[in-house]
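Please look at the structure below before reading on. The report that follows describes its sheet, the helices that pack there, and one of its pockets.

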Amino acid sequence: MSQQTEQRVSFSFENTENAFKSKSNRELDKAFWLFKIIGSPFLTKLGLPLTSAALKIGLPITPIIRNTIFNHFCGGESIKDCLPLIDRLAAQHVGTILDYSVEGEDDEVTFERTCDEILRTVRHAAENRNVSFSVFKPSGLGRFALLEKVNAGKPLDGAEKREYDRFNDRIDRICKACYDAGVRVLIDAEHSWIQDAIDDIARNMMRLYNHRAPVVYNTYQLYRTDKLASLKADYYLAETDGFFLGAKLVRGAYMEIERERAEKQGYLSPIQPTKEATDEDYNEAIRFCLDHIDRTGLMAGTHNEFSCRLLADEIDRRLLPRDHPHIHFAQLLGMSDNLSFNLAEAGYQVAKYVPYGPVKSVMPYLFRRAQENTSVAGQTGRELALITKEKKRRRSIP
Ligand SMILES: Cc1cc2nc3c(=O)[nH]c(=O)nc-3n(C[C@H](O)[C@H](O)[C@H](O)COP(=O)(O)OP(=O)(O)OC[C@H]3O[C@@H](n4cnc5c(N)ncnc54)[C@H](O)[C@@H]3O)c2cc1C
C-alpha cells in the first residue's frame, strides 16, 4: 500500500489538453458556439418553446438538432451508434453508462419497449468491459400518475394494482439481469412526489441483489433536506439485514419545479434553503459513504469541482486504491470533461452517462441540459473558459 501511495500522481482540473484530447479543432469550435447559445437565457427561453412547437407541427428541424445539441450531449440514436464514442472514451480510461433517454411517453407498449431496450444495454454491458453500468429512470417504465398515487398512499383499484405489478416486474427483470450478468445498475431519482415509491422498490432490489456486492444503486438527491438522513438509514438497514448499499449521490435536477409546486400547494419545500446547505450535505454524504466503503458502492454523479476534489483527496488520504471497485465518479456526456478525463488519467474510476435514443424522444433530456446550463450558476461560463483556454493552447503550438 505504501508503494502505491508514493506513486500517486497529483493532477489538475485545469489541464485542458487532457480534457479535450479527443476533440478536433472543429468539434471544439462547435462546442464553443453551442455553450454560447445555451448560456444565453434569452436564446434558451426563446429557443426551447420554438423547437417544441416546430417538432410538433412536423417542421424538418431534426437534422439541425442532430448536428448541434444532440451530437454534443448524446451518443446517437441506438447502441450501435454509440460504439465509436464508447471506444473514444475508453481510450482515455473513461467508462460509458448507456442511458436510453426516451422520456414523456406514458403507455404500456412504450414501457415494455423501454424495458427491452434497457435489457439490451445490460447485455451489451456484460460483453463490453468499457460499459461500466446500466441505468434506468423509473418513470420510463411506469405511468407517472400511478407512481404519484402509490407515493401518496392512495388505494389502487384492481386494474391499477395489475399495472403496478407490471411496473415492479419490469424493474425486477432489469435488476435480476444485472445481477446474473455481473453488471451494476443505477436507478435515477426523480420528483419528490414519486420518489418514496421509487425508494421502496430500490431498497427491495438492493435486498434481493446486493448480498454479494453492490449491484443496484439508488440515487440520493442531497438538495433535499431529508436525504442525508435517508442515506444513513439505508446504510444501517443494509448493515443489519446483510446487504450492500449502492448509493449514487447527486445534488438534484428538479429544484425549480419542486419549489414551485410546494409553494402552489402550500406545503414545506423539501429543498434545502441555500446552495451552501446542499453542498454541505453532499460533501458529508461522500464522507459517510467512504467511512463505510466496505459495505457501500459509491457513485459521485457531479460536475462540482470541489466535491470531485474532496472525494479524490479523501480516497488518497484514507490510502484507498484509486481504482477501488466500490468508488466511481460520473459526469454527463458533453459536460465537465476537465473533471472526467483528468480524474481518469490520474487513475480514479470514471464513467460518462451517454444518453441515446431517437432525436425526438430525447428532447426532454436535451431541454433539461440546456436549461441546466443556463440556470446552474457558472457552469456555462466554466465550460466556455476551458474551451477558450484549450483553443488558445492549440494556437500557441508551432
Ligand atoms: C452522472 C450524473 C447523474 C445524475 N443523475 C441524476 C438523477 O438521477 N436525478 C437527479 O435529480 N439529478 C441527477 N443528476 C443531475 C444533478 O442532480 C445536478 O442537477 C447536476 O449535476 C448539477 O449539480 P452538481 O453537483 O453537478 O454541481 P453544482 O453546479 O455545484 O450544483 C448545482 C446544483 O445545486 C443545487 N442548488 C443550486 N442552487 C441551489 C439553492 N439556491 N438552494 C439549494 N440547492 C441549490 C441544485 O441541485 C443544482 O442542480 C445527475 C448528474 C450527473 C452528473
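## Barrel and pocket

In strand S8, the bridge partner of Phe 329 is Val 350. The model is predicted, so that local features need pLDDT of at least 70 and side-chain atom pairs 80 or more, while totals for chains, interfaces and linings use all residues. Residues are numbered from 1 along each chain as its sequence is written, and side-chain values use heavy atoms, leaving out hydrogens and water.

Strands S7 (residues 327–332) and S8 (residues 350–356) pair in the parallel sense over 4 bridges, where pairing requires at least two DSSP bridges between two strands; strands are DSSP runs (E, at least two residues), and helices are runs of H or I of at least four. Both belong to a closed barrel of 8 strands with parallel pairing, in the order S1-S2-S3-S4-S5-S6-S7-S8.

Two helices touch this sheet, contact meaning heavy atoms within 4.5 Å; angles run from 0 to 180 degrees between N-to-C directions of axes fitted to C-alpha atoms, for helices over the stretch in contact.

| Helix | Strands touched | Angle |
|---|---|---|
| H9 (residues 158–181) | S2 (131–136), S3 (184–187), S4 (216–221) | about 170 degrees with S2 |
| H15 | S1 (94–100), S7, S8 | about 135 degrees to S8 |

Helix H15 (337–345) also supplies at least two residues of the lining of the second largest pocket, as does, among others, helix H5 (62–73). A pocket is an open set of points on a 1 Å grid where a 1.4 Å probe fits, with protein on both sides within 12 Å along at least five of seven lines, and lining residues have an atom within 4 Å of a point. This pocket holds about 1,000 Å³ of space, and of its 44 lining residues, the closest to the centre are Leu 34, Thr 68, Ile 69, Phe 70 and His 72.

Notes:
Grid points are joined across faces, edges and corners, and a volume is the space filled by probe spheres set on the points.
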